[in-house]
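Please look over the sequence and the coordinates below before reading on. The explanation is meant to be followed with the structure open beside it.

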Amino acid sequence: MGRHKKGRCVKKNKQLNVDENPDVVKAPHSFVIHRGLPGEHIVELTRDFRKIMEPYTATSLKERKRNTIKDFVSVAGVFHISHMCMFTRTDQGMYFKLCRVPRGPTLSFKVHSFSLARDVVSLLKKQMVYEELYKNSPLVVLNNFSGEGMQLKLISSMFQNMFPTINLTSVNLSTIRRCLCLNYNSTSKTIDLRHYAIKVVPVGLSKGVKKLVQAKIPNLSKCDDFSEFLTKGTVSESEAEDDPASHVMLPQKLSSRGNHASNQSAIRLSELGPRLTLELIKVEDGLLDGEVLFHEYIHKTEEEQLLIKKKREEKKKLKEKRKKIQEQNKQKKEILKEQHKEKSLKGMRKKTENETLLKKYAKESAEKSTVEEDDDAQYYRDEVGEEPDKELFENKPNGKRTKSYPPKYKVKKQKLRE
């Protein structure tokens, strides 16, 4: 057989046969998908939410209408997926489901309002969007989730576990460039989700000195002397608008220019989008199925809960019974398949034996005809006294021998018979 040639995509894939980093494997990974009615906004919102979950998410995940949730769950273990975020759209509105793979729980939110990332960024005067932002996971900031209720603790733990944990003693501050802010409004029972880019700038410097420190090319057209450029203004225009509460003392040096350890700097946030206003509707025990632990609008009595639990157990037992019957049928089919295979092999062996016997019989018949031919030739020599012709005792193509005796031989043979 010839060697199988690798395709172009296999040759270019650099991730094949590469050992995975254990830190990357342990980090939470996610799928962000959309289901339900089609629409441009839900597709773009799904794409924007994938940007929030980067870098540990399937950014280029391809979805098709025939794909089911089981398809995504079946491949989740291969890609170390721990969470699944799903946007669904119905006639009543849009919903957001957050699932823990593979056994739950599942949180269902109603999306009251949302803004796409392109709409949020277009409103900003100074946009701060670049690829370096998405090389590390964002910092999760939770506000006002300390109220009573199991659902609030569950929401906070689910959103925290969606991203890698941060070790405060060994973290590199230069890697924290984004933050995800979640604010719970106790009066409306809604959650405001915001996504920001973090920028750290030095404070206490004049506008000219700050430009030099940050390696920016200064504009000296309005200055008579370089010293005038340095002394003009005590602080920068943007720094005058800063809140003193945003000023911090840096514990380590940052990769951005002018931010050194033990120096005072200001933290500024630039919104990246998308914006979401969510309301928790339901909490389920399993993955998109199971016992309802919390529901915002539907409240059931203990008797109704027991009845639902009983029906669920009966359904589970019926499913197990069907599964058992299916396994038995599968084993029967395997046994029948093996029997048919043995029967087929037995028939093939018998056919081979028959062919061998036929070949053996044909060979013996050929040898016997050769012996008879030699006897006839010897008899002709003894009686006639001369060598027979070559064509006298030849075999025909059908296996029969032709004996064309001369008249003298025929007469002598007839006398002997008499």
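The paragraphs that follow go from the chain as a whole to its largest pocket, and then to individual residues and their backbone geometry.

The model is a predicted one, and its chain has 418 residues, of which 30% count as buried. Its secondary structure comes to ten helices and eleven strands. Among the contacts in the chain with a separation of 6 or more, 65% are accounted for by residues 24 or more positions apart. The chain exposes about 30200 Å², and carbon and sulfur atoms supply 52% of that area.

We can turn next to the empty space. Rolling a probe the size of a water molecule over the atoms shows where such space is left. The largest pocket has a volume of about 1000 Å³, and of the 22 residues that line this pocket, the closest to its centre are Asp289, Gly290, Arg312, Lys316 and Lys319. Two helices, α4 (69-74) and α9 (302-384), each supply at least two residues of the lining, and α9 gives the most, with ten residues. Sorted by class, the lining of the largest pocket has 14 charged residues, together with five nonpolar and three polar ones.

The loop between α3 (40-53) and α4 holds Asn67, whose side chain reaches the backbone nitrogen of Arg64 at 2.9 Å. When residues up to four places away in sequence are not counted, Asn67 touches Arg35, Lys62 and Phe72. Pro55 is also found in the loop between α3 and α4, and the peptide bond that leads from Glu54 to Pro55 is cis, with omega near 5°. A second cis peptide bond runs from Val101 to Pro102, with omega near 10°, and Pro102 has its place in the loop between β3 (94-100) and β4 (106-115). As background to these two cases, most peptide bonds are trans, and most residues other than glycine have a negative phi.

The second half of that statement bears on two further residues. Lys189, although it is not a glycine, has a positive phi of about 55°, and its place is in the loop between β6 (178-185) and β7. Leu288, also a residue other than glycine, has a positive phi near 60°, and Leu288 lies in the loop between β10 (275-284) and β11 (292-295). Are these two residues buried, exposed or partly exposed? Lys189 counts as partly exposed because its relative accessibility is 41%, and Leu288 counts as partly exposed because its relative accessibility is 26%, since the partly exposed class takes in values between 20% and 50%.

Strand β7 (residues 190-202) contains Thr190, which makes a useful counterpart to the loop residues. With a relative accessible area of 11%, Thr190 is buried, because the limit for that class is under 20%. The side chain of Thr190 makes a polar contact with the side chain of Ser188, at 2.8 Å. Leaving aside residues up to four places away in sequence, Thr190 touches His112, Asn183, Tyr184, Asn185, Thr277, Leu278 and Glu279.

Key. Residues are numbered from 1 along each chain as its sequence is written. This is a predicted model: local features need pLDDT of at least 70, side-chain atom pairs count only at pLDDT 80 or more; totals for chains, interfaces and linings use all residues. Side-chain values use heavy atoms; hydrogens and water are left out. On a 1 Å grid over the protein atoms alone, a cavity is a set of points where a 1.4 Å probe fits but cannot get out, and a pocket is an open set with protein on both sides within 12 Å along at least five of seven lines; lining residues have an atom within 4 Å of a point. Grid points are joined across faces, edges and corners, and a volume is the space filled by probe spheres set on the points. Helices (H or I, at least four residues) and strands (E, at least two) are DSSP runs, numbered from the N terminus. Ala, Val, Leu, Ile, Met, Phe, Trp, Tyr, Cys and Pro count as nonpolar, Asp, Glu, Lys and Arg as charged, and the others, Gly among them, as polar. Buried means under 20% relative accessible area, exposed over 50%, partly exposed in between (1.4 Å probe, protein chains only). Contact means heavy atoms within 4.5 Å. Accessible areas come from the Shrake-Rupley method with a 1.4 Å probe; for residues, only the protein chains shown count as cover. A polar contact is a pair of N or O atoms within 3.5 Å; within protein, one must be able to donate a hydrogen and the other to accept it, and residues adjacent in sequence count only if both atoms are side-chain atoms.
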